[in-house]
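Me: Could you take a close look at one part of this structure for me? I would like to follow a single helix and its surroundings, and then see what ties other parts of the chain together.

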Amino acid sequence: MKKNLIYFILLFYAAICAFTIIYFNGTCGADDSIVHYLFARYAPQHPALYFDHWAKPVFVLLASPFAQLGFNGVKIFNTLVSLLTIFYTYKTAEELKLKNAIVAVIILIFSPLNYILTFSGLTEPLFALFTIAGIYLCSKQKYFTASVLISFLPYVRSEGLIILGIFILFFIVKKAWRVIPVLLTGSICYALAGYFVYHDLLWVFTKIPYATTGSVYGSGPITHFAEQYIYVVGVPIYILFWIGLITMGVKIINKKINAEELVLLFFALGAFFLAHSLFWFLGIFNSAGLKRVMIGVMPIAAMIALYGFNIIPELLFRNKQKQQLILETLLIIYIVIFPLTPNPAAIQWKDDMGLRKDQLAIIDGINFLKKENKLKHFYTYNHHYFSLALNIDPFDETKHKKITKQCISEMKSGDIAFWDTI
């Protein structure tokens, strides 16, 4: 039963996800969620979209077949991605011989924002999968395979360069010098494939949209992500996470930690957290201060929170197994029920999982046009949800253009403009 528990949990979570996809119709992740879907949906018609840095080339490639089924298709894709992430988080915790490895899975599943983004078109869930799969392969000492996989991480999300650097450090610590050059595999493959689009082998560097010393989104306090993290994982996991970090710090001081834990968990999450905090504080690399980016390292955070989960009963009830078990059970119950509580850091089911007011207004507008039998026209609009609701290819300028003075002046009789901006 204990060996098969992970499979029961995966089956249960798959059923919950299926119910969520059927019952909730939201796009879960603001406008970016829709745009990533549109790139994946129409990439077969516009092959250059497979090599767009903003859209994330690996995500577009893998999600594209699912996106042909509509927005629910990318929800199914991210559900499968999340199921694999859960599985590899558990296997990694087992390989690292962490006590109560199954609790890391529970922490991952019941982190509110992690659940929400499973039903989006965003790229953070795929980033989390690549990261934890790479760590798992390293824990199994399959360094070559891990290097190949992680080499593609910057094309899942640009922060993959941070994690790539962490893996270089790990291989140096393990003296696995031969696999370090393998970390170039992803960049070489995409440089060659994208050459036929950009006619530039260096496009993988020159086309990065975040390679700027400024940001159109401004800046904020360096403590921003530390403060916002509670809205990513919820109250109980937030507390366990910080206790877990302290526990790992003590292990480091006492030199009771192995290279996998030190570099691939502690350093990886620390570097990721610090980098995003600095980007937002300094207003560089077009950082928008979005808390959702932390989902990319959520499997690592879940294992660090597991350290906190394990240490609390030991400190409070040393050598008292019955009391420890009771406390562990109560902690698990709190983690599980928290997303359902009326707390600002829990899931706001209507707002987070349903359609937003602007999307509902768009549907009303389209329904009006249906009644007037005026849907087969050229459209001008900015809001990306129109493309999804009208099933229009936004990359085909014979069907749609964004609102500009020139576009408005060129409109013909029968063309329709949705004024969705100020």
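Me: Which residues of α5 are buried, and what do the buried residues of α5 pack against? Please carry on from there to the salt bridges.

Reply: Happy to! Please keep in mind that this is a predicted model.

Let's start with the helix itself. Helix α5 covers residues 101-109 and is mostly covered, with 9 of its 9 residues buried. Going along the helix, the buried residues are A101, I102, V103, A104, V105, I106, I107, L108 and I109. An α-helix has 3.6 residues a turn, so residues three or four places apart point the same way. In α5, burial takes in 9 of 9 residues, and the packing partners of these buried residues are several helices: α1 (5-23), α4, α6, α14 (235-253), α16 and α17 (321-337).

Just past this helix comes a residue worth a pause. S111 sits in the loop between α5 and α6, the latter spanning 112-117. S111 counts as buried because its relative accessibility is 0%, against a cut-off of under 20%. Its side chain reaches back to the backbone oxygen of I107, at 2.7 Å, and I107 is itself one of the buried residues of α5. Leaving aside residues up to four places away in sequence, S111 touches V232, V233, I237 and M298. Two of these contacts can be placed on helices named above: I237 falls within the 235-253 range of α14, and M298 falls within α16, which runs over 298-316.

Now to the salt bridges, of which a search of the whole structure finds 10. One of them joins the side chains of E95 and K140, with an N to O distance of 3.5 Å. E95 belongs to helix α4 (residues 71-95), while K140 is in the loop between α7 (124-139) and α8 (143-151), so this pair ties together parts 45 residues apart in sequence. Helix α4 is also among the elements that the buried residues of α5 pack against. E95 counts as partly exposed because its relative accessibility is 30%, and K140 is partly exposed too, at 35%.

Another salt bridge brings together the side chains of E124 and R292, at 3.2 Å from N to O. This pair links distant parts of the chain: E124 is in helix α7, and R292 is in the loop between α15 (259-282) and α16, 168 residues away. Both E124 and R292 are buried.

K174 and E260 make a further salt bridge, their closest N and O atoms being 3.6 Å apart. Here K174 lies in the loop between α9 (160-173) and α10 (185-198) and E260 in helix α15, so the pair ties together parts that are 86 residues apart in sequence. The two partners have unlike surroundings: K174 is partly exposed, with a relative accessible area of 32%, whereas E260 is buried, with 11%. Beyond single pairs, salt bridges that share partners join D32, E124, R157, E159 and R292 into one network.

To finish, a word on the strands. An open sheet is formed by 3 strands in the order β2-β1-β3, with parallel pairing. Its edge strands, each pairing on one side only, are β2 (400-401) and β3 (416-417). Strand β1, residues 379-380, is joined to β2 by 2 bridges, and T380 stands opposite K401 in β2.

Definitions and conventions. Residues are numbered from 1 along each chain as its sequence is written. This is a predicted model: local features need pLDDT of at least 70, side-chain atom pairs count only at pLDDT 80 or more; totals for chains, interfaces and linings use all residues. Side-chain values use heavy atoms; hydrogens and water are left out. Two strands pair if DSSP finds at least two bridges between them. Helices (H or I, at least four residues) and strands (E, at least two) are DSSP runs, numbered from the N terminus. Buried means under 20% relative accessible area, exposed over 50%, partly exposed in between (1.4 Å probe, protein chains only). A polar contact is a pair of N or O atoms within 3.5 Å; within protein, one must be able to donate a hydrogen and the other to accept it, and residues adjacent in sequence count only if both atoms are side-chain atoms. Contact means heavy atoms within 4.5 Å. A salt bridge is a side-chain nitrogen of Lys or Arg within 4 Å of a carboxyl oxygen of Asp or Glu.
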